[in-house]
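Student: I'd like a close look at one part of this model, the contacts between charged side chains. Could you walk me through them and then place them in the wider fold?

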Amino acid sequence: MLSSNKKPHIVFLFSDTGGGHRSAAQAIIEALEIYYPDQVTTEMVDFFVEYAPPPFDMAPATYAQMGQLPELWKFGYKLSDGKRRSKFIQEVLWPYIRKSTSNLVEEHPCDLFISVHPIVNTPILHALEENPIPYMIVITDMVTTHAFWYNTRATLTLTSTEEARDRGLEFGLNQDQIKVVGQPIADQYRRPSASKSDLQKQLGWPQDLPVVLMIGGGEGMGPIEEMARVVDAAGLDLMMVVIAGRNQSLKQNLEGAKLQSQHEILGFVDHMPDLMNAADIIITKAGPGTISEAFVAGLPIILYSRMPGQEDGNIDYVVNKGAGVWAPRSEDVVETLKTWLDDPAERQKVAKIAKSLARPNASKDIAGEIIKIVNNP
């Protein structure tokens, strides 16, 4: 059932269960608005919250808790991955989710569905078997991509790395069904609002000290507090900027800590492009969005945590390419910082490699693929 709007209407399917699904959808919508203004209309649908039957509707609320149980998460990820296992699981669940999936399709008539989440793809494509609406998948995981991402009935699948594309070919996609474009990120990363020195002045950061940005994703996941305290205790000549995200207890604990280093503790922020473009080093969990943003900003990367399964390959990618290090212990973080502070040339070398891996035009390129599809149904 196609949309009756004069302009093609696009429905983005996402959910707030990690992986930067919401921010990826927003980045693509932003690119459409900037580079193809007034050509399409868009809406975002959180399929878990709005349509999934119990207990699946609780997925976004429980995601952060699952992050505290990495071995359980890893078990579930591995158990459901693989061509046969994933197919079996989805076939078993289909009778239970058929109605809610059909309701979603019926209540959101459009000219193109775009998925930025792996779970929804096969169910929606099942529901569209009698309805020839194009379906695009934008994979928001970098390397270790789950089987749920891939479906040969999708019109087009876009990935951020060649590794993710190769896996899609292994799952039976044709060469012309899958392309590498990069990770969709906000347009401001590729077009900084000011020079680095001006951004530092605007943010009130020193220009005579390296600024280290510490990030744990939107939920402030991982041992950020311990890491910040250990880095502070090391007495390094730097400024720490810690992004606690929505983790209020983390923010309050660090604000109440007697930190000796120059520092700034922030909660959830909406000016991350400015923060990254003004920083010198980033310490982060191995989330694909943050890594891709760091590439564009040209930041050497210290990875300290990951969601096992889906983010394992991100670590290998960053380390093997030479764009950063894996430092799961606070002591490892301190040692890397010492090395990079003592040897600025080495730090700049790593930063240059990170910059070379960037795909700053990813969101713009994805928007271009969208326009091709809706203009040539």
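Tutor: Happy to. Let's begin with aspartate 81 and arginine 167, whose side chains meet in a salt bridge at 2.9 Å, N to O. This pair ties together distant parts of the chain, 86 residues apart: aspartate 81 sits in the loop between H4 and helix H5 (83–107), and arginine 167 belongs to helix H7 (residues 162–170). Keep in mind that this is a predicted model. Aspartate 81 has a relative accessible area of 12%, so it counts as buried.

A second pair is glutamate 129 with arginine 153, a salt bridge with an N to O distance of 4.0 Å. Here, too, distant parts of the chain are linked, 24 residues apart: glutamate 129 is in the loop between helix H6 (121–127) and E4, while arginine 153 is in the loop between E4 and E5. Both ends are partly exposed, with glutamate 129 at 48% relative accessible area and arginine 153 at 39%.

The third pair to visit is lysine 196 and aspartate 280, joined by a salt bridge of 2.8 Å, N to O. Lysine 196 lies in helix H8 (residues 196–203) and aspartate 280 in the loop between helix H11 (272–278) and E10, 84 residues apart. The two ends fall in separate classes: lysine 196 is partly exposed at 35% relative accessibility, whereas aspartate 280 is buried at 16%. Salt bridges that share partners also join Lys179, Glu369 and Lys372 into one network. The salt bridge count comes to twelve.

Now for the fold around these pairs. The loops holding glutamate 129 and arginine 153 adjoin E4, which takes part in an open sheet of six strands with parallel pairing, ordered E2-E1-E3-E4-E5-E6. At its edges are strand E2 (41–46) and strand E6 (178–180), each pairing on one side only. From one strand to the next, the twist averages 20°. Within this sheet, strand E4 (residues 135–138) pairs with strand E5 (residues 156–159) in the parallel sense over three bridges, and methionine 136 has leucine 156 in E5 as its bridge partner. Helix H1 (residues 21–35) lies across strand E1 (9–14), E2 and E4, at about 160° to E1.

Aspartate 280 leads us to the other sheet, since its loop runs between helix H11 and E10. That open sheet has six strands in the order E9-E8-E7-E10-E11-E12, again with parallel pairing. Strand E9 (262–266) and strand E12 (324–326) are the edge strands, and the twist averages 15° from one strand to the next. Strand E10 (residues 281–285) meets strand E11 (residues 301–305) over four bridges, with isoleucine 283 opposite isoleucine 302 in E11. Helix H9 (residues 224–233) lies across E7, E8, E10 and E11, running at about 175° to E8.

One last stop is threonine 336, in helix H14 (residues 330–342). Its contacts, leaving out residues up to four places away in sequence, are Ile302 and Val325. Threonine 336 is at 13% relative accessibility, and because the cut-off for buried is under 20%, it counts as buried.

How values were computed. Residues are numbered from 1 along each chain as its sequence is written. This is a predicted model: local features need pLDDT of at least 70, side-chain atom pairs count only at pLDDT 80 or more; totals for chains, interfaces and linings use all residues. Side-chain values use heavy atoms; hydrogens and water are left out. Two strands pair if DSSP finds at least two bridges between them. Helices (H or I, at least four residues) and strands (E, at least two) are DSSP runs, numbered from the N terminus. Axes are lines fitted to C-alpha atoms, for helices over the stretch in contact, and angles run from 0 to 180 degrees between N-to-C directions. Contact means heavy atoms within 4.5 Å. Buried means under 20% relative accessible area, exposed over 50%, partly exposed in between (1.4 Å probe, protein chains only).
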